[in-house]
Amino acid sequence: MKKLQQQILAWFHENARELPWRTSYYPYHVWISEIMLQQTQMDRAVDYFNRWVARFPDIASIATASEEEVLKLWEGLGYYARARNIIRCANILLAAYKGKLPADHDLLLELPGIGKYTAGALMSIAFNKEYPLVDANIERVFARLFNLTKPVKESKTRAFIWQKAEELLPRGRAREFNQALMELGALVCIARNPRCRICPIITHCQACSLDLVAQRPVLTAPPKTIFIEMATGILAHEGKILLQKRKAQGVWANLWEFPGGRLEPGETPEMALVREYMEETELAVGNLKKITTVQHSYTIYRVSLHCYFCTLLQVRFEPVLHAAQEYRLVPPGELSDYALPAGHRKLIDHLQHEMGLFL
């Protein structure tokens, strides 16, 4: 076991990527990076992280910011519950821990959005304490290293992987070792076409010795993809654009959007848009002009968002909101200041870059 540890640590010493949160291992930086990396590729996370810490250099600066500003800076990362949990955590940390993350595993688990993995990451990477952590990269490394024949997401297999992660931790070097395992999975023991020839622990890998690397890890069947068609419309009034803010609960809570919604059976996108405008705002719209169809995804859903310009068919502009908490008439040049769901953000990008509008 000691030789295995040494080989992994030596490889990490030579191959570790230079990442902004690795310069000082400031607990706040480690925390934000780990939350961002939960659903985001490394390259994108680095860009978002740098912008984040430039605006929010510490926990106190998050606690004193508006939710709208935080969500705007998070825009594009998706899974906005993560950003809201960061805000909740920041307020708790400011009130109870003087704006610092506690170096206590049990206390960390009490904070919003911090589970077993993130608590282990903070304890080991930020505080260099002997706590294991297991992410998808480590699951894959261990599935091959120990030739695990059961799906890695099954409870018994997960328990075995966590146990091995704990057993392998070298005393005093948890920070390096846990990162080394994740880095090994990200750069060498990758999902497809793993780079076994340059793997520092190939002599220990049971799956490699049995020529089963391509069959490991064993995965459970992914959930069935659900395809959705939606329609949305940009309505101008007196030179400004109608935006509405979603309610505080549900998908994309508190984000801004153009009115619209899901197509019902037998509807065309145009029919759905007219109906949704009336149901959501009691505004009659028509004269629809197609802009584009935006494709985007979230969780198991694949969304086709049909986008239109529309005009008001009634004399008075009097929105009555049924699906939102407030509305605003926004100058076109200020639309980018608002945090929007991915599909609506792609629509604005299309208008700016493809059609040269709102510049």
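Where does Pro217 sit? Its place is in the loop between α12 (206–209) and β1 (226–237), and the peptide bond joining Arg216 to Pro217 there is cis, with omega about 0°. Keep in mind that this is a predicted model. Beyond that loop, here's a quick tour of the salt bridges and a couple of backbone oddities; a search of the whole structure turns up 18 salt bridges.

**Salt bridges between helices**

- Glu69 pairs up with Arg55 in a salt bridge, and their closest N and O atoms are 2.5 Å apart. This one ties together distant parts of the chain: Glu69 belongs to helix α5 (residues 67–74) and Arg55 to helix α3 (residues 42–55), with the two residues 14 residues apart.
- Neither partner is tucked away under the 20% cut-off for buried: Glu69 has 31% relative accessibility and counts as partly exposed, and Arg55, at 33%, is partly exposed as well.
- Arg158 and Glu139 also bring their side chains together in a salt bridge, at 2.7 Å from N to O. Here again distant parts of the chain are linked, with Arg158 in helix α10 (residues 155–168), Glu139 in helix α9 (residues 136–145), and their positions 19 residues apart.
- The burial is split in this pair: Arg158 is partly exposed at 29% relative accessibility, whereas Glu139 is buried at 6%.

**A salt-bridge network**

- Glu276 and Arg275 form a salt bridge through their side chains, 3.1 Å from N to O. Both residues are buried.
- That pair isn't on its own, since Glu264, Glu267, Arg275, Glu276 and Glu279 are linked in a network of salt bridges.

**Positive phi outside glycine**

- Lys98 has a phi near 55°, a positive value in a residue other than glycine. You'll find Lys98 in the loop between α6 (81–96) and α7 (105–109).
- Is Lys98 buried or exposed? Lys98 counts as exposed because its relative accessibility is 77%, and the cut-off for exposed is over 50%.
- Trp252 is another case, with phi near 55° and again not a glycine. Trp252 sits in the loop between β2 (240–246) and β3 (256–257).
- Trp252 has 18% relative accessibility, so it counts as buried, given that buried means under 20%.

Definitions and conventions. Residues numbered from 1 in each chain as written. Predicted model: local features only at pLDDT ≥ 70, side-chain atom pairs only at ≥ 80, totals over all residues. Heavy atoms only, no water. Salt bridge = Lys/Arg side-chain N within 4 Å of Asp/Glu carboxyl O. Helix = DSSP H or I, 4+ residues; strand = E, 2+ residues; numbered from the N terminus. Buried < 20%, exposed > 50% of the residue type's maximum accessible area, 1.4 Å probe, protein only.
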